Amino acid sequence: MLRYVTTNPGKVREALEYLDAVEQLDYDYTEVQGSDLGPIAAHGAREAYRHAGEPVLVDDAGLFVDGFEGFPGPYSSYVEETLGVEAVYRLAERELDEPRRAAFKCTLAYCDGEEFEASPDPIDRDDRTAAAAHGAERDEEETDLLPVKIFEGTVRGRIVPPRGDGGFGYDPIFEHDGTTFAEMDAAEKNAVSHRGRALAKFGEWFAERK
Ligand code: ITT
Ligand code: NA
């Protein structure tokens, strides 16, 4: 059974729309410091696999505000807990001119203890390049490091005053095509979101692997 490694039930709800045979593993892996989600997720996947002994998928995400050079980015979770989502909106409103562009990014990292076969599939090639950029392939040469496969998704939008009751985290202040993510249901959000895009890539690849 594939385990979706997260402490966040909102992520699980969205993942269940893509993956039927998946179960949440409520495991708080060590989040290494860095400016990129890839190494954080890759490190987390190895740690979670060693902990669970079953195939794991780690989901590391964040909100990257253009005018703040990507802040809060990999610190999104910490900033939500400390400042809060509304404060991020107020900061953007005070400091930045409209349209206050931002992106949500999601990095999924899969580990099942096995090697991955090379594939001519273009999606796969992109992910290999991404993995290499994140040091996942370099890490494989070190004997104690398990292979990890990376899938990424990004969606662009803008920071707006909070609207909507759905979703979680920064969804109320992130508007895409005139609608905030908190105004969408899980299926609508998945159809355009960072997580939906990453999950779609993963789902396609995982169906072949099984
Ligand atoms: P896990 O690490 O246990 O998975 P987390 O909520 O801490 O749970 P992250 O480390 O990926 O997740 O932190 C991402 C932060 O960005 C966190 O504050 C989330 O609420 C927020 N976030 C992630 N995905 C989001 C989404 O789709 N919509 C809104 N906010 C999101
Ligand atoms: Na986290």
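Gly53 follows helix H2 and has a positive phi, near 70 degrees. The model in which this glycine appears is predicted. Helix H2 itself spans residues 37-52, which makes 16 residues. From its first C-alpha to its last, H2 reaches 22 Å, close to the 22 Å expected at 1.5 Å a residue. The helix is mostly covered, with 12 of its 16 residues buried. At the start of H2 the buried residues include Leu37, Gly38, Pro39 and Ile40. Further along, Ala41, Ala42, His43, Gly44, Ala45 and Arg46 are also among the buried residues, as are Ala48 and Tyr49.

The setting for this helix is a protein chain with 8 helices and 7 strands. Of the 210 residues in the protein chain, 40% are buried. Contacts between residues at least 6 apart in sequence can be divided by separation, and 62% of them join residues at least 24 apart.

Among the strands, S5 offers a useful point of entry. This strand covers residues 149-159, and because 8 of its 11 residues are buried, S5 is largely enclosed by the rest of the structure. Strands S4 and S5 pair in the antiparallel sense over 10 bridges. Within this pairing, Thr107 has Glu152 in S5 as its bridge partner. Strand S5 is also joined to S6, by 2 bridges, and these two strands run antiparallel. Here Ile159 stands opposite Phe174 in S6. In a regular strand, the side chains alternate between the two faces of the sheet.

The backbone next deserves attention in the loops. Most residues other than glycine have a negative phi, and most peptide bonds are trans. Several places in this chain depart from that pattern. In the loop between helix H4 (85-95) and strand S4 (101-111) lies Pro99, and the peptide bond that joins Glu98 to Pro99 is cis, with omega about 10 degrees. Arg100 belongs to the loop between H4 and S4. Although Arg100 is not a glycine, its phi is positive, about 50 degrees. Arg100 counts as buried because 20 other C-beta atoms lie within 10 Å.

Asp177 likewise is not a glycine and has a positive phi of about 50 degrees. Its loop lies between strand S6 (174-176) and strand S7 (179-180). Is Asp177 buried or exposed? Asp177 is exposed, because 7 other C-beta atoms lie within 10 Å.

Another cis peptide bond runs from Phe71 to Pro72, with omega near 0 degrees. Pro72 is located in the loop between strand S3 (56-65) and helix H3 (76-82).

The elements S3 and H3 lead to the surroundings of ligand 1. There are 21 residues around ligand 1, and those that come nearest are Thr6, Thr7, Ala61, Ser77 and Gly169. The elements that give two or more residues to this shell are S3 and H3. The largest share, 5 residues, comes from S3. By class, the shell around ligand 1 has 6 nonpolar, 9 polar and 6 charged residues.

Note on methods
Residues are numbered from 1 along each chain as its sequence is written. Chains are lettered from A and ligands numbered from 1 in the order in which they are written. This is a predicted model: local features need pLDDT of at least 70, side-chain atom pairs count only at pLDDT 80 or more; totals for chains, interfaces and linings use all residues. Helices (H or I, at least four residues) and strands (E, at least two) are DSSP runs, numbered from the N terminus. A residue is near a molecule or strand if its C-beta atom, placed from the backbone, lies within 6 Å of it. Ala, Val, Leu, Ile, Met, Phe, Trp, Tyr, Cys and Pro count as nonpolar, Asp, Glu, Lys and Arg as charged, and the others, Gly among them, as polar. Two strands pair if DSSP finds at least two bridges between them. The expected span of a helix is 1.5 Å times one less than its number of residues. Two residues are in contact if their C-beta atoms, placed from the backbone, lie within 7 Å.
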